[in-house]
Amino acid sequence: MSEDCNQSCSSCSDDCAERKEQKTDFSNKPHEMSNIKKVIGIVSGKGGVGKSLVTSMLGVTMNRRGYHTAILDADITGPSIPKAFGIREKAIGNEFGLSPVKTKTGIDIMSVNLLLENDTDPVIWRGPIIAGTVKQFWTDVIWSDVDFMFIDMPPGTGDVPLTVFQSIAVDGIIVVTSPQELVSMIVSKAVKMAEMMKIPIIGLVENMSYFKCPDNGKEYKIFGDSHIEEIAEKHNLKVLAKLPIDPKISAACDKGIIELFDGNWFDPVAKILEKTEERKMIKIAVASENEMVTEHFGHCVNFNIFEVKEKQIVKSESIPNPGHKPGFLPNFLNDMDVNVIISGGMGGSAIDIFNEKSIEVITGASGNAKDAVEAYLQGTLKSTGSVCHDHQHHDECGE
Ligand SMILES: Nc1ncnc2c1ncn2[C@@H]1O[C@H](COP(=O)(O)OP(=O)(O)OP(=O)(O)O)[C@@H](O)[C@H]1O
């Protein structure tokens, strides 16, 4: 069970043993030559809020982190994924099935626009045909060795997305909203739909959240103040990301170069997705004095780094503390892709930086570093939340 367990299985994506609600047993199996580890559906309450953009950027983010990523464009009547990636070629098939088209950086894509002779032809199909096409994208396309598949769902929470959810085994959904929508109602509808389908909601992404003026660096709320945090809290959901309105982003979509977007808005989402990936390797750093957990994070002698797969330590190494300047160590450990940090004490500022980066912090640990990691993996090492503000280090344990 996750430490943050709120007993609401419908809004949690952990596949823990205590799960009360079982996922729906989907009858459609993917193509027998497909191998897909995680499927994430991206939904929105209505069209035009940036669902396709968020799907594309999530795909790019996970691909950049070394995962083999795929995008299934289920937005049949408004397919915008191939354009954002600058794909002009058509998908080809053989006697076994259809193959997705690869983007320049290796993301596998399937979209109705890759099958239509003329991609400006409108698709004026009725709901059952649309849902049937999406089902075929699942059953007839060969998705080889995919770590993360993102599905750009048909807009809304009506019949079409519901039918799609019934035909594809989705592991979790991300809801995209924008501040000017009737966010509260839309999130409620998405939560209801997810509950009906027994699919966990991973969290909310607010698109067009603000505009950052390039001249003075100030953030302007073009669509008024956001209420996303309160709404998320009401439904026990996480706000995963807030994406600004950025002309560079829309230009990248229009030019077909979304793979070149510059920004780290989706890194916290990526970390959450990585945590839910069953065979994911996690990295735990223990602030140490040789083999023992140190009292003082910033002044530790070395970090014992443990790589863990399926709750087993598969690799360990010790790296010397590179030194501490304000803000340096949390960024250093983040760059090493550390997911959890264990220490005796830590300064409040370091804890804040780790929290911002979605790195779990365990303080109050002591004894042998490896034993502390084993205890963490058994779920018996709990953080005391101990913040270091005493002694000669002042807030330096912060780093
Ligand atoms: N944060 C943003 N900054 C700049 N442009 C954006 C942003 N979000 C979306 N856009 C632009 O708005 C347009 C609509 O976005 P997108 O196609 O992703 O919406 P959608 O929700 O998928 O729409 P539909 O449901 O109708 O397919 C696109 O041209 C996109 O480039």
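Eight strands make up an open sheet of mixed pairing, arranged in the order S3-S4-S2-S5-S1-S6-S7-S10, where two strands count as paired if DSSP finds at least two bridges between them. Strand S3 (101-102) and strand S10 (239-242) stand at the edges with a single partner strand each, so one side of each is left without a neighbour in the sheet. Helices (H or I, at least four residues) and strands (E, at least two) are DSSP runs numbered from the N terminus.

The model is predicted, and for that reason local features need pLDDT of at least 70 and side-chain atom pairs count only at pLDDT 80 or more, whereas totals for chains, interfaces and linings use all residues. Residues are numbered from 1 along each chain as its sequence is written.

Over the chain, the secondary structure comes to eleven helices and 16 strands. Of the 399 residues in the chain, 43% are buried, a residue being buried if 20 or more other C-beta atoms lie within 10 Å of its own, exposed if 12 or fewer, and partly exposed in between, with C-beta atoms placed from the backbone. Of the contacts in the chain with a separation of 6 or more, 72% are between residues 24 or more positions apart; two residues are in contact if their C-beta atoms, placed from the backbone, lie within 7 Å.

Within the eight-stranded sheet, strand S2 (residues 69-73) and strand S5 (residues 146-152) are parallel and share five bridges, and Asp73 has Asp152 in S5 as its bridge partner. Helix H5 (residues 183-197) lies across strand S1 (36-44), strand S6 (172-177) and strand S7 (201-206), and runs at about 165 degrees to S6; axes are lines fitted to C-alpha atoms, for helices over the stretch in contact, and angles run from 0 to 180 degrees between N-to-C directions.

Strand S11 (residues 281-289) has pairings with three other strands, set out below.

| Partner of S11 | Sense | Bridges | A bridge pair |
|---|---|---|---|
| S13 (residues 302-309) | antiparallel | eight | Met281 opposite Lys309 |
| S15 (residues 340-342) | parallel | three | Ile284 with Val340 |
| S12 (residues 292-293) | antiparallel | two | Glu289 with Met292 |

The hairpin of S11 and S12 has two residues between the strands, and in it Asn290 takes a positive phi near 60 degrees.

The ligand is surrounded by 20 residues, the closest being Gly47, Gly50, Ser52, Leu53 and Ser250, where a residue is near a molecule or strand if its C-beta atom, placed from the backbone, lies within 6 Å of it. Helix H1 (51-64) and helix H7 (247-255) each supply at least two residues of this shell. By class, the shell holds eight nonpolar, nine polar and three charged residues, with Ala, Val, Leu, Ile, Met, Phe, Trp, Tyr, Cys and Pro counted as nonpolar, Asp, Glu, Lys and Arg as charged, and the others, Gly among them, as polar.

An unreviewed UniProt entry lists Gly45, Lys46, Gly47, Gly48, Val49, Gly50, Lys51 and Ser52 under "binding site"; UniProt positions are given in the numbering used here, feature names are shortened, and annotations may be inferred rather than shown by experiment. Lys51 is found in helix H1 and is buried, because 27 other C-beta atoms lie within 10 Å. Not counting residues up to four places away in sequence, Lys51 touches Ile42, Ser44, Asp152, Pro155 and Val176. Ser52, also found in helix H1, counts as buried because it has 27 C-beta neighbours inside 10 Å, and under the sequence exclusion of up to four places Ser52 touches Asp75, Ser80, Ile81, Ala84 and Asp152.
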